[in-house]
Amino acid sequence: MQYNKNYRLKRTILGRLYLANQENGDVIDVNPITADIIEKIQNGAVTKERLISSLCDEYDAKPEEISSDVEEILNRLEEYNVIY
């Protein structure tokens with residue numbers, strides 16, 4: 001999967017995270033886990049399986065515990081054209 005470079009991950013002065021599309025002005029609120037996923041994708045093309053494995057290591061979770069949530073986040077990011 002690839003990251004759409006038109007989106008920038010930003011933080012408000014109150015600490016809320018959001019994605020801002022520099023080209024069309026779209027803004028998408030994100031939570032810290034989604035921001036972590038986005039940063040991992042930004043650092044290089046990763047597969048869904050490697051992403052889940054990395055998150056399992058980082059959050060001390062089992063794949064069956066997080067895979068459906070990760071899948072849902074990735075689907076949303078694809079819908080918004082953040083990743084492709």
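In which helix is Asp 36 found? I looked this up before anything else. Asp 36 sits in helix H1.

**Model and confidence**

I am working from a predicted model. The mean pLDDT of the chain is 94, and 99% of the residues reach at least 70. I checked where confidence is lowest and highest. Helix H2, residues 48-59, is at the bottom with a mean of 93. Strand S2, residues 17-21, is at the top with 97. I kept a general caution in mind: where pLDDT is low, the predicted coordinates should not be read in detail.

**Helix H1**

H1 covers residues 32-42. I noted its buried residues: Thr 34, Ala 35, Asp 36, Ile 37, Ile 38, Lys 40 and Ile 41. A charged pair of names, Asp 36 and Lys 40, is on that buried list. I then looked at what these buried residues pack against. Their partners are strand S1 (7-11), S2, S3, H2 and H3.

Next I went to the ends of H1. At the N-terminal end, Asn 31 acts as the cap. One of its side-chain oxygens lies 3.1 Å from the backbone nitrogen of Ile 33. After H1 comes Gly 44, with a positive phi near 150 degrees.

**Asp 36 again**

Is Asp 36 buried or exposed? I read a relative accessible area of 11%, so Asp 36 is buried, the cut-off being under 20%. I listed its contacts, setting aside residues up to four places away in sequence. Asp 36 touches Leu 55, Glu 58 and Tyr 59.

**Helix H2 and the loop after it**

Ser 53 lies in H2. I find Ser 53 partly exposed, because its relative accessible area of 38% falls between the cut-offs of 20% and 50%. From Ser 53 to Ile 66 the C-alpha distance is 9.8 Å, and the two are 13 residues apart in sequence.

I moved on to the loop between H2 and H3. Asp 60 is placed there, and so is Ala 61. Which of the labels buried or exposed fits each one? Asp 60 counts as exposed, at 73% relative accessibility. Ala 61 counts as buried, at 18%. Asp 60 also has a positive phi of about 50 degrees, although it is not a glycine.

I checked the surroundings of Ala 61. Beyond its neighbours within four places in sequence, Ala 61 is in contact with Cys 56 and Ile 66. Thr 34 is 27 residues from Ala 61 along the chain, and their C-alpha atoms are separated by 16 Å.

**After H3**

Asn 81 is in the segment after H3. I noted a positive phi here too, about 65 degrees, and Asn 81 is not a glycine. At 42% relative accessibility, Asn 81 counts as partly exposed.

**Largest pocket**

I ended with the largest pocket. Its space comes to about 200 Å³. Which elements each supply at least two residues of its lining? They are strand S3 (27-30) and helix H3 (63-79). H3 gives the largest share, five residues.

I wrote down the lining in full: Ile 28, Asp 29, Val 30, Asn 31, Thr 34, Asp 69, Glu 72, Ile 73, Arg 76, Leu 77 and Tyr 80. By type, the lining has five nonpolar, two polar and four charged residues. Two names recur from my H1 notes. Asn 31 lines the pocket and caps H1. Thr 34 lines the pocket and is on the buried list of H1.

Technical notes:
Residues numbered from 1 in each chain as written. Predicted model: local features only at pLDDT ≥ 70, side-chain atom pairs only at ≥ 80, totals over all residues. Heavy atoms only, no water. 1 Å grid on protein atoms, 1.4 Å probe; cavity = no way out; pocket = protein on both sides within 12 Å on 5 of 7 lines; lining within 4 Å. Points joined across faces, edges and corners; volume = space filled by probe spheres on them. Helix = DSSP H or I, 4+ residues; strand = E, 2+ residues; numbered from the N terminus. pLDDT = per-residue confidence, 0-100. Buried < 20%, exposed > 50% of the residue type's maximum accessible area, 1.4 Å probe, protein only. Contact = heavy atoms within 4.5 Å. Polar contact = N/O pair within 3.5 Å; in protein donor to acceptor, adjacent residues only side chain to side chain.
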